[in-house]
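The following report describes one protein chain, moving from its overall make-up to its interior and then to a pair of packed elements. The sequence and the model come before the text.

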Amino acid sequence: MTRKYTAFTKTFKLETLALANQPNTCIAQLARDLGLRRNMIYKWRIELNQKQDKAFKRTADTANTAHHKATHSALLKQNKQLAKDLKLAQMEVEILKKGSSLLQRSQEG
C-alpha cells in the first residue's frame, strides 16, 4: 500500500501561516477549514522561523496540485450556493419592505 502525499505551494503555506498568526485564530479550526492536519501548520511555522528565506524549498511549483484543484472546486461550489442564498435573502427583504408599506397604508386609511 502506497502513501499519498499532498504537495502545497510555498504561497499556500505562507498564506496559511499569515492566517494562523492573526489574533484569536484557532489553529485546529483553520486546519479543518483548509483540509490540513493542524501539526502541518505548526511544522510550517517552525520551518519558516528556522530557515527564513530558504524555507519551503521542497514544495509544489504551481497551484496545479490535487489539493488546490479540490479546494478550488469546493470553493466554487460554496460560492455558487452563497450567491443563490444572497439572491433569496434579497428577494425576501423586498417582499418584507412591500408588505410593511402595505400595512402602513392600511393602518392610515
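The report begins with the chain as a whole, then turns to the nonpolar core, the packing of two helices and one loop residue.

This is a predicted model, and every value below should be read with that in mind. The chain contains 4 helices and 0 strands, and along the sequence these elements follow the pattern α-α-α-α. Of its 109 residues, 19% count as buried, while the accessible surface comes to about 9400 Å², with 55% of that area belonging to carbon and sulfur atoms. When contacts are restricted to residues at least 6 apart in sequence, 61% of them join residues at least 24 apart.

In soluble globular proteins, nonpolar side chains tend to be buried together. In this chain the largest nonpolar core has 14 residues, and those with the most contacts inside it are F8, F12, L36, I41 and W44. The elements that give two or more residues to this core are α1 (10-20), α2 (27-34) and α3 (38-51), and of these α2 gives the most, with 4 residues. I41, already named among the core residues with the most contacts, can be followed further: leaving aside its neighbours within four places in sequence, I41 is in contact with T16, L17, A20, I27, L30, A31 and L36.

How do α1 and α2 pack, in terms of the angle and the separation of their axes? The two helices pack at an angle of about 145°, with axes 10 Å apart, and their crossing is right-handed. The residues that meet are F12, T16, L19 and A20 from α1, and I27, L30 and L34 from α2. By class, this contact has 6 nonpolar residues, 1 polar residue and no charged residues. Several residues of this contact, including T16, A20, I27 and L30, also appear in the list of contacts of I41.

The table sets out the geometric values for the helix pair.

| Pair | Property | Value |
|---|---|---|
| α1 and α2 | packing angle | about 145° |
| α1 and α2 | distance between axes | 10 Å |

Between these two helices runs a loop, and N21 lies in it. Is N21 buried or exposed? N21 has a relative accessible area of 52%, and because a residue counts as exposed when this value is over 50%, N21 is placed in the exposed class. N21 is also paired in space with a residue from further along the chain: the C-alpha atoms of N21 and R45, 24 residues apart in sequence, are separated by 9.4 Å.

Notes:
Residues are numbered from 1 along each chain as its sequence is written. This is a predicted model: local features need pLDDT of at least 70, side-chain atom pairs count only at pLDDT 80 or more; totals for chains, interfaces and linings use all residues. Side-chain values use heavy atoms; hydrogens and water are left out. Buried means under 20% relative accessible area, exposed over 50%, partly exposed in between (1.4 Å probe, protein chains only). Contact means heavy atoms within 4.5 Å. Accessible areas come from the Shrake-Rupley method with a 1.4 Å probe; for residues, only the protein chains shown count as cover. A nonpolar core is a set of buried Ala, Val, Leu, Ile, Met, Phe, Trp, Tyr and Cys residues joined through side-chain atoms within 4.5 Å. Axes are lines fitted to C-alpha atoms, for helices over the stretch in contact, and angles run from 0 to 180 degrees between N-to-C directions. A crossing is left-handed if the near helix is turned anticlockwise from the far one by less than a right angle, and right-handed if clockwise. Ala, Val, Leu, Ile, Met, Phe, Trp, Tyr, Cys and Pro count as nonpolar, Asp, Glu, Lys and Arg as charged, and the others, Gly among them, as polar.
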